[in-house]
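Welcome, and thanks for taking a look. Here is a short briefing to help you find your way around.

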Amino acid sequence: TIKLYKVLTQNQKNQTLHMNQIIKDNMYNKDHIAFQTTARIIEQFYHDILKNNSIPIIIFFPENVDMIQLKLNGPSRYASYLDYFKEKKMNTIDTKDAFDLTTTFDQYFGKTAHYGELGNQLIAEYLKQTIPQFIN
């Protein structure tokens, strides 16, 4: 009985720990309440836009750390969100495709995770080319 109790409580602790990790395997954790809440808010907003006869597009903007992970053949942190919305057949754009993964990314980012002038120009040009495919 004591061994069974220990196994059950350890199992519960492991499950709780997994649920409490916002980032798991270098991506946002689909099991975390923060992921689920954010996804529901975006879904509701998306459907509200559709009701307004407009075209919703969910745009993902990678940070420097995402680009480094991608360059190392890992996922971006937001890959779980991207997969989630694609599964639901929602319009998405991943601006990581604007970047050349063979280069360094320092030139595109400022001293923080935000884009610098060159990064903003690159993303703006990419969106200018990409958004029309959702309109036509």
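Let us begin with one aromatic residue: leaving aside neighbours within four places in sequence, Phe99 is in contact with Pro62, Met67, Phe105, Tyr108, Phe109, Tyr115, Leu122 and Ile123. Please keep in mind that this is a predicted model. From Phe99 we can move out to the nonpolar cores, then to the whole chain, and finally to some charged and polar residues.

**The nonpolar cores**

- Phe99 belongs to the largest nonpolar core, which has 13 residues.
- Which members of this core touch the most other members? They are Met67, Phe99, Phe105, Phe109 and Ile123.
- Two elements, H3 and helix H5 (117-130), give two or more residues each to this core.
- H5 supplies the largest share, which is three residues.
- Another core lies apart from this one and has eleven residues, including Tyr46, Ile58, Tyr78 and Leu82.

**The chain as a whole**

- How many helices and strands does the chain have? Its secondary structure comes to six helices and four strands.
- Read from the N terminus on, the order of the elements is α-β-β-α-β-α-α-β-α-α.
- The chain has 136 residues, and buried residues make up 31% of them.
- Among contacts with a separation of 6 or more, 64% are between residues 24 or more positions apart.
- The accessible surface of the chain comes to about 9,400 Å², and carbon and sulfur atoms account for 55% of it.

**Helix H3 and the loop after it**

- Several residues of H3 are buried, namely Asn64, Asp66, Met67, Gln69 and Leu70.
- Met67 also appears among the core members that touch the most others.
- After H3 comes Asn73, which has a positive phi near 65 degrees.
- Ser76 sits in the loop between H3 and H4.
- Is Ser76 buried or exposed? Ser76 counts as buried, because its relative accessibility is 4%.
- Not counting residues up to four places away in sequence, Ser76 touches Asn26, Met27, Asp66, Gln69 and Leu70.

**Salt bridges around Arg77**

- A search of the whole structure finds five salt bridges, and two of those described here involve Arg77.
- In one of them, Arg77 pairs with Glu63, and their closest N and O atoms are 2.5 Å apart.
- This pair links distant parts of the chain: Arg77 is in the loop between helix H3 (64-71) and helix H4 (79-87), while Glu63 is in the loop between strand E3 (58-60) and H3, 14 residues apart.
- Arg77 counts as buried because its relative accessible area is 19%, under the 20% cut-off.
- Glu63, in contrast, is partly exposed, with a relative accessible area of 31%.
- Arg77 also forms a salt bridge with Asp66, where the closest N and O atoms are 3.2 Å apart.
- This second pair also links distant parts of the chain, with Asp66 in helix H3 and Arg77 in the loop between H3 and H4, eleven residues apart.
- Asp66 counts as buried, since its relative accessibility is 2%.
- Which residues are joined into one network by salt bridges that share partners? Glu63, Asp66 and Arg77 are.

**A salt bridge between Lys24 and Asp25**

- Lys24 and Asp25 form a salt bridge in which the closest N and O atoms are 3.4 Å apart.
- Asp25 counts as exposed because its relative accessibility is 58%, over the 50% cut-off.
- Lys24 is partly exposed, with a relative accessible area of 27%.

**Glu43 in helix H2**

- Where does Glu43 lie? Glu43 is part of helix H2, which covers residues 33-51.
- Glu43 counts as buried because its relative accessibility is 15%.
- The side chain of Glu43 makes a polar contact with the side chain of Tyr84, at 2.5 Å.
- Leaving aside neighbours within four places in sequence, Glu43 is in contact with Tyr84, Phe85, Lys88 and Met90.

Notes: Residues numbered from 1 in each chain as written. Predicted model: local features only at pLDDT ≥ 70, side-chain atom pairs only at ≥ 80, totals over all residues. Heavy atoms only, no water. Salt bridge = Lys/Arg side-chain N within 4 Å of Asp/Glu carboxyl O. Buried < 20%, exposed > 50% of the residue type's maximum accessible area, 1.4 Å probe, protein only. Core = buried A, V, L, I, M, F, W, Y, C linked by side-chain atoms within 4.5 Å. Contact = heavy atoms within 4.5 Å. Areas by Shrake-Rupley, 256 points an atom, 1.4 Å probe, with all protein chains shown as cover. Polar contact = N/O pair within 3.5 Å; in protein donor to acceptor, adjacent residues only side chain to side chain.
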